[in-house]
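Hi everyone, thanks for making time. Let me put the sequence and the structure up, and then we'll walk through them together.

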Amino acid sequence: MMNVKPLKGLLLIAGLVVAGASLAGEPTAEIGEKIYTRAFGRGCGTCHDVQPNPNLFESVNKLSKEELTKVLVEGRNAMPKAMDQIMALGPVKSAGLTQDQAIDALIAYLKAGKK
């Protein structure tokens, strides 16, 4: 009879790796949504879902990642620096995301569009 204990353990580990990808620092659109809805305590949409401010769901297709990063880190016009706020968010911290991964998660959410 075959010993299935090692196989069960391997399957359990594989399942945890797949299910916990965001916990291992993998950026996801779900974390991006949390960034969008929670940054500055009231969310990016507080300003960016209102005219004449730029719509981020459109802007993400016009700006490069480097340009978006620069705006988040340095601010621009009436937009305050946002990177420290983003990195302080619970979902970002608990997922162990780097600044680059947090931006990737935000971009993934914005490109997927609002649900």
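So, a warm-up: which side chain meets the side chain of D104 in a salt bridge? It's K65, with N to O at 2.5 Å. A salt bridge here is a side-chain nitrogen of Lys or Arg within 4 Å of a carboxyl oxygen of Asp or Glu.

Before I go on, some housekeeping. This is a predicted model, where local features need pLDDT of at least 70 and side-chain atom pairs count only at pLDDT 80 or more, while totals for chains, interfaces and linings use all residues. Residues are numbered from 1 along each chain as its sequence is written, and side-chain values use heavy atoms, with hydrogens and water left out.

Okay, the overview. The protein has 8 helices and 0 strands. Helices and strands are DSSP runs numbered from the N terminus: H or I over at least four residues for a helix, E over at least two for a strand. There are 115 residues, and 32% of them count as buried. Buried means under 20% relative accessible area, exposed means over 50%, and partly exposed is in between, using a 1.4 Å probe and protein chains only. Take the contacts with a separation of 6 or more: 61% of those come from residues 24 or more positions apart. Contact just means heavy atoms within 4.5 Å.

Back to K65. The salt-bridge count is 2, and you've already met one. In the other, D100 pairs with K65, and the closest N and O atoms are 2.6 Å apart. That links distant parts of the chain, with D100 in helix α8 and K65 in helix α5, 35 residues apart. From C-alpha to C-alpha, D100 and K65 are 9.5 Å apart in space. D104 also sits in α8, 39 residues from K65. The shared partner joins K65, D100 and D104 into one network. And are these residues buried or exposed? They're partly exposed: K65 at 24% relative accessibility, D104 at 28% and D100 at 43%.

Now for the inside. A nonpolar core is a set of buried Ala, Val, Leu, Ile, Met, Phe, Trp, Tyr and Cys residues joined through side-chain atoms within 4.5 Å. The largest one has 24 residues, and the members touching the most others are I35, Y36, L72, I86, V92 and L110. Elements giving two or more residues are α2, α4, α5, α6, α7 and α8. Which of them gives the largest share? That's α8, with 7 residues.

Let's zoom in on Y36. Skipping its neighbours within four places in sequence, Y36 has contacts that include G43, H48, F57, L106, Y109 and K114.

Last stop: how do α2 and α8 meet? Their axes, lines fitted to C-alpha atoms over the stretch in contact, come within 7 Å and cross at roughly 90 degrees. Angles run from 0 to 180 degrees between N-to-C directions. So α2 is roughly perpendicular to α8, a label that covers 65 to 115 degrees. On the α2 side we have A29, I31, G32, E33, I35 and Y36, meeting A102, A105, L106, A108, Y109 and L110 of α8. By class, that contact has 10 nonpolar, 1 polar and 1 charged residues. Here Ala, Val, Leu, Ile, Met, Phe, Trp, Tyr, Cys and Pro count as nonpolar, Asp, Glu, Lys and Arg as charged, and the others, Gly among them, as polar.

That's my tour, thanks for listening!

Key
Parallel < 35°, antiparallel > 145°, perpendicular 65-115°, else oblique.
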